Amino acid sequence: MAPRPLSREEIDAALAELSGWELDGDRLRRTYSFARHLQAAAMVVHVARIQDELDHHADLLLGYNTLAVSVNTHSVGGKVTGLDVELARRIEAVAPAHDARP
C-alpha cells in the first residue's frame, strides 16, 4: 500500500507522542544535542541503519555536538506520511542510547 499524506490532526496526534519533534512546513523536524561530537556521529550511523531497514530516509545535518533530523515523503509530493512518523519514533527510541539531549 502506498503512503498517503497525513491530515493535520493525524500529524498533531503523532507529535503529541514525539517529544521535541515539530512540524515545520511540510516536514517533521527535531534537533538533538550531545556532550561530544563522537556521540552525535555515532547516532548518525545508527539512524542510517534504521533508514535502510525502513527504506525511508531523512535529511541529517551533523554539527559539532548536534544532529538535526528533517523528514517528509517525496513520493507523495513532500508531505508527512506514516513513514515519517515511524522513522521519527524509531529515532526517538535509540536517542537515549547515545545520550541525546533535548
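## Nonpolar core

The largest nonpolar core contains 24 residues, and those with the most contacts inside it are Trp-21, Leu-28, Tyr-32, Met-43, Val-69 and Ile-91. Two or more residues come from each of α1 (8-15), β2 (27-33), α2, β4 (66-71) and α3 (82-94). The helix α3 contributes the most, with five residues. In soluble globular proteins, nonpolar side chains tend to be buried together. The model described here is predicted.

Met-43, one of the residues with the most contacts inside the core, touches Tyr-32, Phe-34, Leu-67, Ile-91, Ala-95, His-98 and Ala-100, when residues up to four places away in sequence are not counted.

## Helix α3

The 13 residues of α3 should span 18 Å at 1.5 Å a residue; the expected span is 1.5 Å times one less than the number of residues, and the end C-alpha atoms are 19 Å apart, which agrees. At the N-terminal end, Thr-81 acts as a cap, with a side-chain oxygen 3.2 Å from the backbone nitrogen of Leu-83.

The buried residues of α3 are Asp-84, Val-85, Leu-87, Ala-88, Ile-91 and Val-94. They pack against α1, β2, α2 and β4. Ile-91 is also among the residues with the most contacts inside the largest nonpolar core, and Met-43 touches Ile-91.

## Strand pairing

The strand β4 pairs with both β2 and β3. Six bridges join β2 to β4, and these strands run antiparallel. Within this pairing, Tyr-32 has Leu-67 of β4 as its bridge partner. Both Tyr-32 and Leu-67 are touched by Met-43.

Four bridges join β3 to β4, again in an antiparallel arrangement. Asp-59 has Ser-70 of β4 as its bridge partner. A hairpin of three residues connects β3 to β4.

## His-56

His-56 lies in the loop between α2 (37-54) and β3 (59-62). Its relative accessibility is 7%, so His-56 counts as buried, the cut-off being under 20%.

The side chain of His-56 makes a polar contact with the side chain of Asp-84, at 2.6 Å. Asp-84 is one of the buried residues of α3. Leaving aside neighbours within four places in sequence, His-56 is in contact with Gln-51, Val-71, Asn-72, Thr-73, Leu-83, Asp-84 and Leu-87. Of these contacts, Leu-87 is likewise buried in α3, while Leu-83 supplies the backbone nitrogen that faces the side-chain oxygen of the cap residue Thr-81, 3.2 Å away.

Key
Residues numbered from 1 in each chain as written. Predicted model: local features only at pLDDT ≥ 70, side-chain atom pairs only at ≥ 80, totals over all residues. Heavy atoms only, no water. Buried < 20%, exposed > 50% of the residue type's maximum accessible area, 1.4 Å probe, protein only. Polar contact = N/O pair within 3.5 Å; in protein donor to acceptor, adjacent residues only side chain to side chain. Contact = heavy atoms within 4.5 Å. Core = buried A, V, L, I, M, F, W, Y, C linked by side-chain atoms within 4.5 Å. Pairing = 2+ DSSP bridges.
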